[in-house]
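Colleague: I am new to this structure and would be grateful for a close look at a single part of it. Could you choose one region and explain how its pieces are put together?

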Protein chains: 2
Amino acid sequence: MGGDGAPDIVVAGLAIAAERHPGARFLLVGDEPRLLPLLARHKRAAGACTIRHTAEVIAGDLKPTAALRLRGASMRLAIDAVAGGEAAGVVSAGNTGALLALAKIVIKSLPGIDRPAMAAIGPSARGDVVMLDLGANVLCDVRNLVEFAVMGDVFARTVLGLTAPTIGLLNVGSEELKGDERIRQAAEVLKVSHLSGQFHGFVEGHDIAAGTTDVIVTDGFTGNVALKTGEGALKLMGQMLREVFSSSLAARIGYLLARPGLERLREWLDPRRYNGAVMLGLGGVVVKSHGGTDAQGFAHAVDVAMDMVVHRFNDGIRDGLAKIVELQPGMGPKNGSSDGQGSVGGSRLAGAR
Amino acid sequence: MGGDGAPDIVVAGLAIAAERHPGARFLLVGDEPRLLPLLARHKRAAGACTIRHTAEVIAGDLKPTAALRLRGASMRLAIDAVAGGEAAGVVSAGNTGALLALAKIVIKSLPGIDRPAMAAIGPSARGDVVMLDLGANVLCDVRNLVEFAVMGDVFARTVLGLTAPTIGLLNVGSEELKGDERIRQAAEVLKVSHLSGQFHGFVEGHDIAAGTTDVIVTDGFTGNVALKTGEGALKLMGQMLREVFSSSLAARIGYLLARPGLERLREWLDPRRYNGAVMLGLGGVVVKSHGGTDAQGFAHAVDVAMDMVVHRFNDGIRDGLAKIVELQPGMGPKNGSSDGQGSVGGSRLAGAR
């Protein structure tokens with residue numbers, strides 16, 4: 001029930017996903033009287049679907065703390081289904097902060113993971129690139145960054161199908177004074193870890209679009225700013241190009257002549273192709289669709305969730321984590337993190353040990 | 001003597017600048033036997049120029065701490081000239097870290113400024129935008145962010161000619177959990193400051209290219225990543241467009257038809273037009289030209305320095321700072337900052353009080 005075009009685009013996206021994944025079963029959580037007529041248009045989806053009715057919805061602007069109290073909301077029931085083992089994963093186009101907070105508290109982090117992270121895939125000059133964290137953790141320590149690298153590696157293997165993805169730690173230029181102490185320490189750990197062969201070292205902002213590495217690891221503040229800055233720059237360029245191609249009759253004809261290539265470029269950069277930010281490090285698969293996407297974009301978010309379930313993403317995380325913990329026995333859970341909301345998952349994990 | 005094409009492009013850039021600023025005098029510091037024949041080609045520049053000979057050069061990859069020991073290097077002598085009042089400002093295409101460290105130690109910060117910052121101008125959908133800090137300070141506190149806002153305001157007035165530039169604090173989305181505590185506190189200070197009417201509040205990564213505000217304030221780590229991420233995205237798009245327009249005969253003809261508009265777009269995004277990162281908060285004007293720029297780009301960096309000198313940039317900073325200090329008497333200099341190199345300027349300032 002979340003996102004700008006819900007529930008219509010969710011059901012339409014589900015219909016596309018049901019065609020692509022004939023073996024899958026879907027649990028559709030939301031307002032049944034609204035969902036039924038939409039589902040009636042899509043025979044295969046209707047056959048693959050169970051509706052769980054609830055009229056309660058978490059609004060897009062509701063604070064996570066308030067969202068936690070709505071125990072009958074559609075997002076909550078979907079997450080409950082994952083926590084209870086009924087569903088392997090959840091896909092939502094709703095309130096990101098609420099989804100993250102609910103997932104951390106209800107589904108919980110994987111044992112050994114201090115902080116779950118948000119990851120997404122984007123375009124680069126050398127193929128698709130995974131970046132994390134994109135905003136789940138504003139402040140990150142050495143352990144978090146190392147765990148992000150472990151999770152980014154497994155994610156790139158699982159979803160991009162790479163056998164040995166290269167990994168870069170986002171930093172400022174060697175030319176400038178220096179990076180943050182935590183980033184340098186994380187690099188030292190990665191250099192001697194099982195990822196040492198894949199670890200490229202530090203990368204800078206321009207390396208994201210250049211595709212210097214397959215995985216970019218950074219804290220949630222920097223990752224969120226970098227993601228949105230890059231998207232903003234591409235959007236600006238797109239607007240300017242539209243202006244150029246409508247600025248004269250000759251330019252319009254020019255557009256028509258160059259159209260096949262320009263259309264390929266537009267498709268390549270299509271945000272729908274990259275829709276589906278993933279929350280990594282939880283006991284189930286959690287995918288956040290952009291709230292403003294359409295049916296194709298939502299279906300892509302379902303594809304990402306499917307990939308993670310089918311390729312047993314979390315088994316890979318457990319393996320990678322075991323190797324890092326072996327190497328760094330000091331990397332146990334810790335207390336006293338000062339990140340407020342962000343520490344919910346971490347402190348629960350610490351308490352559980 | 002710094003940068004990829006030195007000293008040739010520096011002299012060629014100086015020649016352009018000398019034409020544009022007929023009243024200006026230039027002190028050219030470097031290897032005289034190499035400079036004289038280059039200068040001989042440009043009559044007006046030669047007439048406006050004094051050469052100060054030194055054969056010692058700070059290499060592009062030299063660490064700032066090592067650069068500080070080269071007391072006869074061209075960059076050092078140029079900075080000495082500013083510190084001694086011989087020159088109003090310095091423009092260098094050399095080692096950024098060395099320039100920053102030397103400027104902080106030799107020219108010193110303006111009284112009341114805890115940390116100088118690097119600022120630059122870039123394109124946006126709504127006109128040119130100033131962003132700072134771009135890498136001078138990896139870690140920033142509330143006071144630093146507030147001072148960056150004060151300096152960004154004066155810089156946008158001085159160089160962009162705006163009467164009341166709008167100011168945004170870079171943060172992560174309200175949708176995500178929350179921003180950093182320091183950023184929220186800086187916002188509280190700005191809301192009640194003399195900048196309250198210009199302070200737009202928080203902005204996100206996509207607001208940089210959108211031009212939501214004229215000035216974007218952030219810490220040096222985030223600013224450096226954002227700048228390079230945006231540049232990288234635009235560069236990727238440029239590469240892809242070149243591929244599109246050479247992918248078929250029709251596309252080539254299409255390019256020719258749309259060329260006037262595409263050329264305008266290219267000129268608008270031309271990095272040379274935005275060359276010249278400025279170190280704000282020092283007792284003199286310090287401009288860093290990109291090391292890979294050409295004569296036009298270097299001349300633009302000289303233009304920026306000229307603007308700052310002619311429009312008495314530092315008087316504006318003093319005024320703005322006085323208003324902020326009045327408001328927040330607690331914002332005096334502090335000790336014990338933990339940022340290593342970055343604290344050189346700050347601790348000297350504290351010691352001087």
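Modeller: I suggest strand β10 of chain B as the starting point, where strand β3 (residues 89-92) of chain B pairs with β10(B) in the parallel sense over four bridges. The model is a predicted one, in which local features need pLDDT of at least 70 and side-chain atom pairs count only at pLDDT 80 or more, while totals for chains, interfaces and linings use all residues. Residues are numbered from 1 along each chain as its sequence is written, and chains are lettered from A and ligands numbered from 1 in the order in which they are written. Strands are DSSP runs of E with at least two residues, helices are runs of H or I with at least four, and both are numbered from the N terminus. Two strands are said to pair if DSSP finds at least two bridges between them. In general, strands of a sheet pair through backbone hydrogen bonds, either parallel or antiparallel.

Within the pairing of β3(B) and β10(B), B:Val91 has B:Val287 of β10(B) as its bridge partner. B:Val287 of β10(B) also stands opposite B:Val278. This leads to the next strand, β9 (residues 277-280) of chain B. Three bridges connect β9(B) with β10 (residues 285-288) of chain B, and these two strands run antiparallel. Another of their bridge pairs is B:Ala277 with B:Lys288 in β10(B). Four residues lie between the strands of this hairpin, and B:Gly281 there takes a positive phi near 95°.

β9(B) has a further partner in strand β4 (residues 117-122) of chain B, to which it is joined, antiparallel, by three bridges. In this pairing B:Met118 faces B:Met279 of β9(B).

Are the faces of these strands covered or open? A residue counts as buried if 20 or more other C-beta atoms lie within 10 Å of its own, as exposed if 12 or fewer do, and as partly exposed in between, with C-beta atoms placed from the backbone. In β9(B) both faces are covered, since B:Ala277 and B:Met279 on one side and B:Val278 and B:Leu280 on the other are all buried. β10(B) is likewise covered on both faces: B:Val285 and B:Val287 on one side, and B:Val286 and B:Lys288 on the other, are all buried.

Two helices of chain B may be added to this picture. Helix α5 (residues 74-83) and helix α6 (residues 96-107) of chain B pack at an angle of about 35°, their axes 10 Å apart. Here axes are lines fitted to C-alpha atoms, for helices over the stretch in contact, and angles run from 0 to 180 degrees between N-to-C directions. The crossing of α5(B) and α6(B) is right-handed, a term used when the near helix is turned clockwise from the far one by less than a right angle, whereas an anticlockwise turn is left-handed. Residues are in contact if their C-beta atoms, placed from the backbone, lie within 7 Å. α5(B) contributes B:Met75, B:Arg76, B:Ile79, B:Asp80, B:Val82 and B:Ala83 to the contact, and α6(B) contributes B:Ala98, B:Leu99, B:Leu102, B:Ala103, B:Val106 and B:Ile107. By class, 10 of these are nonpolar, none is polar and two are charged; nonpolar covers Ala, Val, Leu, Ile, Met, Phe, Trp, Tyr, Cys and Pro, charged covers Asp, Glu, Lys and Arg, and the others, Gly among them, are polar.

B:Lys108 lies in the loop between α6 and β4 of chain B. Its phi is near 75°, a positive value in a residue other than glycine. B:Lys108 counts as partly exposed because it has 18 C-beta neighbours inside 10 Å.

Chain A offers a view of a whole sheet. Eight of its strands form an open sheet with mixed pairing, in the order β3-β10-β9-β4-β5-β8-β6-β7. β3 (89-92) and β7 (199-203) of chain A stand at the edges with a single partner strand each, so one side of each lacks a neighbour in the sheet. The average twist from one strand to the next is 25°. α6(A) lies across β3, β9 and β10 of chain A and runs at about 175° to β10(A).

Note on methods: Two residues are in contact if their C-beta atoms, placed from the backbone, lie within 7 Å.
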